[in-house]
Amino acid sequence: PFALLHPVAAFPTKQWATENFARIAEFLVNKGLRIVAVGTKKERETLEKLQKLSPVSIQIYDNLTLPQITNLASRAKLFVGNDSGIAHIAAAVKTPSVVIFGSSNRAHWSPWTDAPHEMVFEEFACQPCPGYVCEEFGEPKCILSVKVENVENAIERVLKVKSKK
């Protein structure tokens with residue numbers, strides 16, 4: 001069994017810190033899951049940084065086609081990632097998911113699935129925003145404020161729901 005991580009996003013306001021994903025990888029390995037992380041060739045640097053920061057083994061792929069990612073997501077026990085296209089792929093194939101939100105409109109971009117899922121975010125009055133840059137604070141406090149513990153708790157709840165089914 002493995003968890004699929006997607007530690008990248010289109011904008012900094014939607015990308016949770018790679019260091020945090022490294023902690024989540026360790027948390028998931030302690031739950032008996034192997035870790036697979038995906039991105040594009042342009043995102044390889046982030047995937048390699050994730051490997052370096054993590055005390056656990058992470059298999060990375062930056063060369064998969066969308067059908068291959070879809071197949072991988074369909075076989076994962078859990079998806080954890082930023083609000084992104086890959087999160088929607090995981091939702092479409094009914095993979096239990098924990099999606100981390102920053103600047104995006106959660107009502108519009110939440111996972112469209114009946115599979116167990118949770119969105120993790122910190123509430124800010126300026127959300128949602130266009131997301132390219134943070135005009136309110138100069139840095140994307142919305143995504144930077146999401147706590148590792150909140151993502152871990154969401155993972156626990158999603159895995160618990162999945163195990164009951």
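In the predicted model, strand β1 is mostly covered, with five of its five residues buried. Burial extends to both faces of β1, since Phe2, Leu4 and His6 are buried on one side and Ala3 and Leu5 are buried on the other. In a regular strand the side chains alternate between the two faces of the sheet. Strand β1 pairs with β2 in the parallel sense, the two being joined over four bridges, and in this pairing Leu5 has Ala37 of β2 as its bridge partner.

These strands belong to an open sheet of six strands, arranged in the order β3-β2-β1-β4-β5-β6 with parallel pairing. The edge positions are taken by β3, which spans residues 58-61, and by β6, which spans residues 117-120, each of the two pairing on one side only. On average, and with direction ignored, neighbouring strands of the sheet are turned by 15° against each other.

At one edge of the sheet, β2 and β3 run parallel and are joined by four bridges; Ala37 has Ile60 as its bridge partner in β3. Ala37 is also the bridge partner of Leu5. The two faces of β3 differ in their cover, Ile58 and Ile60 forming the covered face and Gln59 and Tyr61 the uncovered one. At the other edge, β5 (residues 97-100) and β6 pair in the parallel sense over four bridges. In β6, His117 is the bridge partner of Ser97, while Val120 is the bridge partner of Ile100. Strand β6 likewise has a covered face, made up of Glu118 and Val120, and an uncovered face, made up of His117 and Met119; thus His117, the partner of Ser97, lies on the uncovered face, whereas Val120, the partner of Ile100, lies on the covered face.

Among the helices that pack on the sheet, α2 (residues 44-53) touches β1 (2-6), β2 (34-38) and β3, and the direction of α2 makes about 175° with that of β3. Helix α3, formed by residues 66-75, also packs on the sheet, where it touches β1 and β2, and the direction of α3 makes about 135° with that of β1. Asn71 is found in helix α3 and is partly exposed, with a relative accessible area of 42%. The C-alpha atoms of Asn71 and Arg34 are 17 Å apart in space, the two residues being 37 residues apart in sequence.

Helix α4, which comprises residues 85-92, has Ile86, Ala87, Ile89, Ala90 and Ala91 as its buried residues. The elements that cover these buried residues include β1, β2, α3, β4 (78-82) and β5. Lys94 follows α4 and is found in the loop between α4 and β5. The phi of Lys94 is near 65°, a positive value in a residue other than glycine. Most residues other than glycine have a negative phi.

The largest pocket encloses about 190 Å³ of space. Of the 13 residues that line the largest pocket, His6, Gly39, Thr40, Glu43 and Ile86 lie nearest its centre. Two of these residues have already been described: His6 is a buried residue of β1, and Ile86 is one of the buried residues of α4. By class, the lining of the largest pocket is divided into seven nonpolar residues, five polar residues and one charged residue.

The second largest pocket has a volume of about 160 Å³. Its lining is formed by 16 residues, of which Cys129, Val133, Cys134, Glu135 and Glu136 lie nearest the centre, and this lining is divided into nine nonpolar, four polar and three charged residues. Val133, one of the residues nearest the centre of the second largest pocket, lies in the loop between β6 and α6 (141-144). With a relative accessibility of 53%, Val133 counts as exposed, because the cut-off for that class is over 50%. Although Val133 and Phe11 are 122 residues apart in sequence, their C-alpha atoms are 7.7 Å apart in space.

Key
Residues numbered from 1 in each chain as written. Predicted model: local features only at pLDDT ≥ 70, side-chain atom pairs only at ≥ 80, totals over all residues. Heavy atoms only, no water. Pairing = 2+ DSSP bridges. Axes fitted to C-alpha atoms, helices over the stretch in contact; angles between N-to-C directions. Contact = heavy atoms within 4.5 Å. 1 Å grid on protein atoms, 1.4 Å probe; cavity = no way out; pocket = protein on both sides within 12 Å on 5 of 7 lines; lining within 4 Å. Points joined across faces, edges and corners; volume = space filled by probe spheres on them. Nonpolar A, V, L, I, M, F, W, Y, C, P; charged D, E, K, R; others polar. Buried < 20%, exposed > 50% of the residue type's maximum accessible area, 1.4 Å probe, protein only.
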